[in-house]
Amino acid sequence: MIDSEQLKQHVIKAVDEIRATNPMAGSITNTVTIDFVANAQLAVGGSAAMVYLPDEGEALVAGGGAIYLNMGTLFPIYEQTIPHAAKAAHDAGKPWVLDPVGLGIGSLRTQLVNELKQYKPAIVRGNASEIIALAGLWGLEGEAADLSRVRGVDTTDTVDAARDAAVALARYTGGAVVVSGEVDLITDGTTVAKSHGGSPLMSKITGCGCSQGGVLAVYACAADPFTAAVCGTAVYNVAGTRAAAVADAPASFKVAFIDELYRATAQDIANNQLELEEA
């Protein structure tokens with residue numbers, strides 16, 4: 001299990017490398033939040049590219065350091081695009097990030113998420129209900145019936161309730177899992193980290209979760225999945241806390257939040273309050 005000082009040094013190294021190299025992490029993502037995802041990726045030092053056609057998804061994998069696949073607003077073409085991109089990343093040995101938004105809504109979403117199991121995402125992020133549902137669907141923890149716990153994009157479960165599911169997912173993929181909530185949980189199946197900060201206003205704007213997935217993909221270009229997951233979670237908690245100090249309503253908060261993503265230094269991110277324990 002990594003200790004806190006080692007993890008801080010890994011975080012600082014990853015954040016500084018991203019700022020210095022500006023890697024591209026492409027996205028096939030929720031059409032509601034494309035703008036937010038791209039701007040968040042740019043703010044932390046990455047480069048963004050958004051597509052939806054199958055061959056373009058494969059091209060993003062070939063040209064980038066990582067790719068982000070978000071299951072939000074599915075179109076029929078995504079039945080080809082999403083698994084093609086995941087397979088291309090898996091075959092190329094490149095990290096990819098899965099956000100199983102709205103898992104349990106409709107048959108196509110469930111079918112696609114099931115198909116993605118074999119390609120083992122480097123990072124999975126979601127709310128507690130989505131993580132519990134995914135672990136159940138993939139036969140890792142709980143039951144497939146846990147799909148019924150998901151209510152659109154909202155959670156009906158606590159972060160602590162998703163701990164076992166998150167650990168099981170991380171052990172299966174060999175990567176990391178982020179469970180978003182009032183206190184976020186990150187695990188690689190060996191270590192569990194809890195990251196504090198953020199703001200209740202983050203739940204009052206659409207796309208904080210989606211955009212975080214894109215940011216996780218940026219950090220995955222420069223770090224192992226657990227370090228990347230900690231970086232992406234910590235920078236969101238730092239930016240959320242700071243934005244809330246200067247904005248008291250959703251629209252101004254969103255602007256301030258993107259500004260604070262841009263302003264956060266490697267040391268700021270490494271110093272985010274984090275608790276580590278064995279999984």
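**Figure 1. Thr191 and its surroundings in strand β7**. Leaving aside neighbours within four places in sequence, Thr191 touches Met1, Ile2, Ile186, Phe226, Leu276, Glu277 and Ala279, where contact means heavy atoms within 4.5 Å. This is a predicted model, in which local features need pLDDT of at least 70 and side-chain atom pairs count only at pLDDT 80 or more, while totals for chains, interfaces and linings use all residues. Residues are numbered from 1 along each chain as its sequence is written, and side-chain values use heavy atoms, with hydrogens and water left out. Thr191 sits in strand β7; strands (E, at least two residues) and helices (H or I, at least four) are DSSP runs, numbered from the N terminus. Thr191 counts as buried because its relative accessible area is 2%. Here buried means under 20% relative accessible area, exposed means over 50%, and partly exposed is in between, using a 1.4 Å probe and protein chains only.

**Figure 2. Strand β7 between its partners β6 and β8**. Five of the five residues of β7 (residues 191-195) are buried, so the strand is largely enclosed by the rest of the structure. Thr191, Ala193 and Ser195 are buried on one side, and Val192 and Lys194 are buried on the other, so to speak covering both faces. As a rule, side chains in a regular strand alternate between the two faces of the sheet. Strand β6 (residues 184-187) joins β7 through four bridges and runs antiparallel to it; two strands pair if DSSP finds at least two bridges between them. Look for Leu185, whose bridge partner in β7 is Lys194. Three residues lie between the strands of the β6 and β7 hairpin, and in this hairpin Gly189 has a positive phi near 90°. Strand β8 (residues 274-278) also pairs with β7, in the antiparallel sense and over five bridges. In that pairing, Val192 stands opposite Glu277 of β8.

**Figure 3. Strand β3, covered on both faces**. Trp96 and Leu98 are buried on one side of β3, and Val97 and Asp99 are buried on the other. β2 and β3 run parallel, joined by four bridges. One pair to pick out is Tyr68 with its bridge partner in β3, Val97. In the loop between β3 (96-99) and α5 you'll find Leu103, which counts as buried because its relative accessibility is 0%. Leu103 and Gly174 are 71 residues apart in sequence and 22 Å apart in space, C-alpha to C-alpha.

**Figure 4. The largest nonpolar core and a second, separate one**. The largest core has 55 residues, and those with the most contacts inside it are Ile123, Tyr219, Val235, Phe257 and Leu261. A nonpolar core is a set of buried Ala, Val, Leu, Ile, Met, Phe, Trp, Tyr and Cys residues joined through side-chain atoms within 4.5 Å. Elements that give two or more residues to this core include α1, α2 (34-43), β2 (66-70) and α10 (250-263). The largest share, 11 residues, comes from α9. A second, separate core has 41 residues, among them Ala49, Val51, Val124 and Ala162. Back with Phe257: leaving aside neighbours within four places in sequence, this residue is in contact with Phe36, Met202, Tyr236, Ala239, Gly240 and Ala243.

**Figure 5. The largest pocket and its lining**. This pocket has a volume of about 880 Å³. On a 1 Å grid over the protein atoms alone, a pocket is an open set of points where a 1.4 Å probe fits, with protein on both sides within 12 Å along at least five of seven lines; lining residues have an atom within 4 Å of a point. Grid points are joined across faces, edges and corners, and the volume is the space filled by probe spheres set on them. Of the 33 lining residues, Ser180, Met202, Ser203, Cys208 and Gly209 lie nearest the centre. The lining divides into 11 nonpolar, 15 polar and seven charged residues. Its largest share, four residues, comes from α8.

**Figure 6. Two loop residues with positive phi, Asn22 and Lys120**. Most residues other than glycine have a negative phi. Asn22 has a positive phi of about 55° although it is not a glycine, and is found in the loop between α1 (4-21) and β1 (25-28). Asn22 counts as partly exposed because its relative accessibility is 43%. Lys120 has a positive phi near 45° and belongs to the loop between α5 (107-116) and β4 (123-127). Lys120, too, counts as partly exposed, at 37% relative accessibility.

Notes
Nonpolar A, V, L, I, M, F, W, Y, C, P; charged D, E, K, R; others polar.
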